[in-house]
Amino acid sequence: MIEAVCDCGSVRLEVAEAPSEIWECLCDGCQKMGVNWAYYHPSQVKVIAAPGSMTAYQRASKTQDFVFCSTCGCTTHWQSHNPDDDTFGVNARLMPRAVRATAKLRTADGP
């Protein structure tokens with residue numbers, strides 16, 4: 001089990017396996033948030049957070065919620081509003097360095 005944990009520890013995400021690839025999205029939003037994404041099926045991710053410890057932000061397209069810790073401000077993950085989208089983005093920068101070091105870093109132009 002791999003954990004991605006915000007700076008203050010209020011929000012934790014658990015995934016069963018380390019990512020084989022980590023994506024640096026080159027869109028303005030992701031660059032401003034300073035995130036790298038590991039992609040999973042939503043059923044593979046367990047979010048552990050107390051009620052009220054997360055806040056969601058929707059960019060102009062309103063297609064995704066970017067979720068961050070209400071205390072320390074770390075972006076933790078994103079979730080799609082599209083029921084046909086089976087992708088869940090976990091901020092890989094919140095995973096241990098040793099886990100990130102084993103993954104191939106890729107870049108992509110976002111929306």
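In which sense do E1 and E2 pair, and over how many bridges? They pair in the antiparallel sense, over four bridges, where two strands count as paired if DSSP finds at least two bridges between them. One of these partnerships can be named, since the bridge partner of glutamate 3 is glutamate 14 in E2.

Before I go on, a word on the model: it is predicted, so that local features need pLDDT of at least 70 and side-chain atom pairs count only at pLDDT 80 or more, while totals for chains, interfaces and linings use all residues. Residues are numbered from 1 along each chain as its sequence is written, and side-chain values use heavy atoms, with hydrogens and water left out.

Now the overall picture. The protein has two helices and ten strands; helices (H or I, at least four residues) and strands (E, at least two) are DSSP runs, numbered from the N terminus. The C-alpha atoms fill a box of roughly 35 × 35 × 25 Å along the principal axes, and buried residues, meaning those under 20% relative accessible area with a 1.4 Å probe and protein chains only, make up 34% of the 111 residues.

Back to our pair of strands, which belongs to an open sheet of three strands in the order E1-E2-E5, with antiparallel pairing. E1 and strand E5 (45-49) stand at the edges, and because each has a single partner strand, one side of each is left without a neighbour in the sheet.

Next, the interior. The largest nonpolar core, a set of buried Ala, Val, Leu, Ile, Met, Phe, Trp, Tyr and Cys residues joined through side-chain atoms within 4.5 Å, has 18 residues, and those with the most contacts inside it include Ala4, Leu13 and Val90. Strands E1 (2-5), E2 (11-15), E4 (37-40) and E9 (88-91) each supply at least two residues of this core, and E2 gives the most, with three residues.

Finally, please find threonine 76 in strand E8 (residues 75-80). Is threonine 76 buried or exposed? Threonine 76 is buried, with a relative accessible area of 0%. Leaving aside neighbours within four places in sequence, threonine 76 is in contact (heavy atoms within 4.5 Å) with residues including Leu13, Phe68 and Val90. Its side chain also makes a polar contact with the side chain of histidine 77, at 2.8 Å; such a contact is a pair of N or O atoms within 3.5 Å, and within protein one must be able to donate a hydrogen and the other to accept it, while residues adjacent in sequence count only if both atoms are side-chain atoms.

Notes: Buried < 20%, exposed > 50% of the residue type's maximum accessible area, 1.4 Å probe, protein only.
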